[in-house]
Amino acid sequence: MARVTLIKPPTVVNMGSLSFNNSVPPLGLAYISAIAKAAGHTVQVIDAPGEDIETFHPVRDGSGSLFAHGLSVPEVVDRIDPSSTVVGITHMFVHEWPLIKDLIGSIRARHPRMFIVVGGETPTAFWWRMLDESPELDCCVLGEGEVTFEELLAEQRQAAEDQREEAFFDEDDDQLFFQGVRA
Ligand code: B12
């Protein structure tokens with residue numbers, strides 16, 4: 001069975017906005033966690049806002065009212081179980097991409113062999129640009145992720161048993177193939 005770490009990154013909030021909403025529980029990630037556990041995998045969840053709910057960090061290049069709610073990126077990386085082979089990150093809002101790109105880079109720097117996958121609303125629309133801008137990102141799951149993620153973990157387990165290096169995607173001249181949206 002695979003060992004999986006699932007991450008809800010810090011929520012980027014604009015506290016000066018009239019439509020300001022604070023973090024809410026990451027429902028999509030909870031579904032993904034449930035199917036991974038039901039399939040027998042070992043799951044660690046790091047909920048950055050939930051695990052440090054009183055803390056707001058100013059965003060690196062923010063305009064003044066942008067804050068990242070919860071654990072900082074280094075604190076999230078510190079909590080990742082080093083025995084995990086797969087890291088799944090949920091990514092709902094497109095304005096969080098700069099922070100999530102930093103998170104992916106920091107995870108890759110600490111854990112060069114972990115397979116990093118991002119799912120959620122943003123990769124569903126924006127996967128091509130994310131893969132282009134973040135060479136450390138291995139895979140985007142598009143649309144509802146339950147079935148795809150379970151298949152991906154099964155493939156990871158099989159690859160480990162076969163002692164294969166590449167588990168999840170077809171690779172040709174370093175170009176990833178888009179494999180379509182699950183209906
Ligand atoms: C509920 C909701 C909210 C809630 C809560 C959001 C939250 N943090 O959970 C509230 C009211 C807070 C909210 C606020 C905002 N929202 Co809103 N919201 C939604 C809504 C209606 C549903 C999201 C949801 O809970 N879906 C149900 C869960 C179960 O699905 P899911 O998270 O997508 O997860 C599934 C897949 O995505 C995938 N998946 C997800 N994570 C992962 C991870 C892995 C590893 C894998 C494999 C798969 C995977 O599998 C999951 C299960 O199938 C969507 C529209 C929609 N119909 O989806 C808009 C939507 C997400 N919101 C949107 C926007 C723009 C906003 C605001 C910026 C509005 C504003 N101007 O203030 C704010 C931002 C809040 C902030 N951070 O400051 C846009 C985001 C566009 C984008 N990508 O940037 C959406 C898409 C609506 C739209 N079409 O415009 N929102």
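Helix α1, with 12 residues, reaches 17 Å from its first C-alpha to its last, which is close to the 16 Å expected at 1.5 Å a residue. The buried residues of this helix are L29, I32 and A36; because they cover an arc of only 60° around the axis, they lie on the same side of α1. The other side of the helix carries L27, A34, K37 and A38, which are exposed. Just after α1, G40 adopts a positive phi of about 95°. These descriptions, like those that follow, refer to a predicted model.

**Confidence and overall make-up**

The average pLDDT of the chain is 88, and 85% of the residues score at least 70. Over residues 169–176, however, pLDDT stays under 50, and for this stretch the model has 7 contacts beyond four places in sequence. Where pLDDT is low, the predicted coordinates should not be read in detail. The secondary structure comprises 5 helices and 10 strands, and of the 183 residues of the chain 37% count as buried. Among contacts with a separation of 6 or more, 69% are between residues 24 or more positions apart.

**Two residues in contrasting settings**

A38 is placed in helix α1, which covers residues 27–38, whereas T90 belongs to strand β6. A38 counts as exposed because it has 10 C-beta neighbours inside 10 Å, and the cut-off for exposure is 12 or fewer. T90, by contrast, has 25 other C-beta atoms within 10 Å and is therefore buried, the threshold for burial being 20 or more. Leaving aside neighbours within four places in sequence, T90 is in contact with K8, P26, G28, L29, G119 and G120; of these partners, L29 is itself one of the buried residues of α1. Each of the two residues can also be paired with a residue from elsewhere in the chain, as the table sets out.

| Pair | Separation in sequence | C-alpha to C-alpha distance |
|---|---|---|
| A38 and E150 | 112 residues | 9.5 Å |
| T90 and V141 | 51 residues | 9.9 Å |

**Surroundings of the ligand**

Of the 25 residues around the ligand, G28, G88, T90, G119 and G145 come nearest, so that T90, buried by virtue of its 25 other C-beta atoms within 10 Å, is one of this group. By class, the shell around the ligand has 12 nonpolar, 10 polar and 3 charged residues. At least two residues of the shell are supplied by each of β2 (11–14), α1, β6 (86–90), β7 (115–119), α4 (121–133) and α5 (146–162). Helix α1 gives the most, with 5 residues.

**Helix α3**

Helix α3 runs over residues 97–110, and at 1.5 Å a residue its 14 residues should span 20 Å, which agrees with the 20 Å between its end C-alpha atoms. The buried residues of this helix are L99, I100, L103, I104 and I107. Seen down the axis of α3, these buried residues fall within an arc of 140°, and they therefore line one face of the helix. They pack against β2, β5 (66–69), α2 (73–79), β6 and β7. Among these packing partners of α3, β2, β6 and β7 each also supply at least two residues of the shell around the ligand.

Methods
Residues are numbered from 1 along each chain as its sequence is written. This is a predicted model: local features need pLDDT of at least 70, side-chain atom pairs count only at pLDDT 80 or more; totals for chains, interfaces and linings use all residues. Helices (H or I, at least four residues) and strands (E, at least two) are DSSP runs, numbered from the N terminus. A residue is near a molecule or strand if its C-beta atom, placed from the backbone, lies within 6 Å of it. Ala, Val, Leu, Ile, Met, Phe, Trp, Tyr, Cys and Pro count as nonpolar, Asp, Glu, Lys and Arg as charged, and the others, Gly among them, as polar. The expected span of a helix is 1.5 Å times one less than its number of residues. The arc is that of the directions from the helix axis to the C-beta atoms. Two residues are in contact if their C-beta atoms, placed from the backbone, lie within 7 Å. pLDDT is the predictor's confidence in each residue, from 0 to 100.
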